[in-house]
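Dear colleague,

I am handing over a structure for your consideration. Please look at it first; my notes on it follow.

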Amino acid sequence: MAQNPPGDGRARPRPQARTRRALSLVTAGVLAAAGVVALAGNAQAVGALGDAAAAEGRYFGAAVAANHLGEAAYASTLDAQFDSVTPENEMKWDAVESSRNSFSFSAADRIVSHAQSKGMKVRGHTLVWHSQLPGWVSPLAATDLRSAMNNHITQVMTHYKGKIHSWDVVNEAFQDGGSGARRSSPFQDKLGNGFIEEAFRTARTVDTGAKLCYNDYDTDGQNAKSNAVYEMVKDFKQRGVPIDCVGFQSHFNSNSPVPSDFRANLQRFADLGVDVQITELDIEGSGSAQAANYTKVVDACLAVTRCTGITVWGVTDKYSWRSSGTPLLFDGDYGKKPAYDAVLAALGGSGGGGDGGGEGGGACTATYARTSAWNGGYNGQVTVRAGSSGITGWAVPVTVASPQKVSAVWNGTPTTAGEVMTVRHSWNGTLAAGASTTFGFTVQTNGGTSAPVVGACTAS
Ligand code: XIL
């Protein structure tokens, strides 16, 4: 039986993932040999979003507010799940330089030191933006404004030099709607189009180790605004203006849904020679609809080699800037939402609810991920990997508890005894040492909720 998985038109494989995954399997093997309970049925061991993203060569971050770090559940959720943070407000101009040339970094420093103590990356957000700008900036005349802007960039970037992986150098400089024009702001109105280029050139002189990003919203699909940003980035690359990345905020809701050309849009920017990052992701909604939208976004990023990471705009719905839209991965009590399970599964981690991977110590290993889900069913995928020697065949038992039923299997041949389906290789039995293949299956849940149990791989 070889069929296409319904609803799974996703771009895989992902080369970086292979290496990292192999390493994590080795680690798991060592842990298992040492008698440490590691993977099976335990989402946490491979389940943290940051770890799952790292296995795909990406980071997975959250916007963080310094004043919540003292709340135990907030900090423990952050620490268990994410490997990058963005200060939600604490690095903005009004927060760090509320009066001219007098800088206060204490709140942002708290976030940065928390992140550093946990080995997380930090995104810097943001240096030049028309919003959250203190009142003293806008009355300045052009020459003065230029020096205030360059001084602000220089002071802030110097303070955090070596600690920031990417800076949003300029935020939201383009107008909404179909004009493709620059947005009116003190910088635009007094310094003209050149302010963006100047900000990037100044930023590069301060911290050569940080990636320099342009960040905006409603640029996630192809439209007049994203076309205008695209032309700017293209021009910058052609003229050697230092830009390394473009941030796509990705604030989605029913008025602004996940665009169907999201991946294509990310790809066209990447093709200009910049990294792309999803910088402020939140998607209003709930349940499986919200989960499916999150899956689309993660899939889009994973399908674009230069999409280097995803940041969700907050840890919990409780503190979201759009709290009433419940747009995040954890609910107000820090419970994992279906959106969380969907993101983790899309990243290739074990899905929620304990559907952990099987782990054999022998000649092949099997790891499970749920790749998509809908009302009444889901697709699972098992990666079969040869150990340190090549193999010519494999078999993996998959148990799906009644009333759930497997309705399709692809890239493998099933034989079923009761609830246990043993899947053997079809055309894909021969694997060189360390090489992998996958098989997939569709489950109709019929009201059942338990995850499939994937047993150890047997090689032949
Ligand atoms: C938002 C914060 O989440 C809020 O707490 C604050 O009141 C306003 O700003 N685009 C951005 C972010 O680049 O900085 C914004 O963050 C959300 C939209």
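Over which residues at the start of the numbering does pLDDT stay under 50, and how many contacts beyond four places in sequence does the model have for them? The stretch is residues 1–47, and the model has 82 such contacts for it. Please bear in mind that this is a predicted model. A further stretch with pLDDT under 50 covers residues 351–361, for which there are 30 contacts beyond four places in sequence. Where pLDDT is low, the predicted coordinates should not be read in detail. For the chain as a whole, the average pLDDT is 87, and 87% of the residues score at least 70.

The ligand site

The ligand has 13 residues around it, and those that come nearest are Glu 88, Lys 92, His 125, Glu 280 and Trp 313. Sorted by class, this shell consists of three nonpolar, six polar and four charged residues. Two oxygen contacts may be noted: a polar side-chain atom of Glu 280 is 2.7 Å from an oxygen atom of the ligand, and a polar side-chain atom of Asn 89 is 2.9 Å from an oxygen atom of the ligand. Gln 249 brings an N or O atom of its side chain to 3.2 Å from a nitrogen atom of the ligand. On its own the ligand has 420 Å² of accessible area, of which the protein covers 78%.

Disulfides

The model contains three disulfides. One of them joins Cys 213 to Cys 245, with an S to S distance of 2.1 Å. The torsion about the S-S bond of this pair is about -90°, so the disulfide is left-handed. Because Cys 213 lies in strand 5 (residues 211–216) and Cys 245 in strand 6 (residues 245–248), the pair ties together parts that are 32 residues apart in sequence.

Backbone details

His 125, already named among the residues that come nearest to the ligand, is joined to Thr 126 by a cis peptide bond with omega near -5°. Thr 126 belongs to strand 3 (residues 121–128). The peptide bond between Ser 402 and Pro 403 is also cis, with omega about 10°, and Pro 403 sits in the loop between strand 12 (394–399) and strand 13 (405–410).

Positive phi values occur at two residues that are not glycine. Asn 101 has a phi of about 60° and is placed in the loop between helix 5 (93–96) and helix 6 (106–117). Gln 132 has a phi near 50° and is found in the loop between strand 3 and helix 7 (142–159).

With kind regards

Key. Residues are numbered from 1 along each chain as its sequence is written. This is a predicted model: local features need pLDDT of at least 70, side-chain atom pairs count only at pLDDT 80 or more; totals for chains, interfaces and linings use all residues. Side-chain values use heavy atoms; hydrogens and water are left out. A residue is near a molecule or strand if one of its heavy atoms lies within 4 Å of it. A polar contact is a pair of N or O atoms within 3.5 Å; within protein, one must be able to donate a hydrogen and the other to accept it, and residues adjacent in sequence count only if both atoms are side-chain atoms. Accessible areas come from the Shrake-Rupley method with a 1.4 Å probe; for residues, only the protein chains shown count as cover. Ala, Val, Leu, Ile, Met, Phe, Trp, Tyr, Cys and Pro count as nonpolar, Asp, Glu, Lys and Arg as charged, and the others, Gly among them, as polar. pLDDT is the predictor's confidence in each residue, from 0 to 100. Contact means heavy atoms within 4.5 Å. A disulfide is a pair of cysteine sulfur atoms within 2.5 Å. Helices (H or I, at least four residues) and strands (E, at least two) are DSSP runs, numbered from the N terminus.
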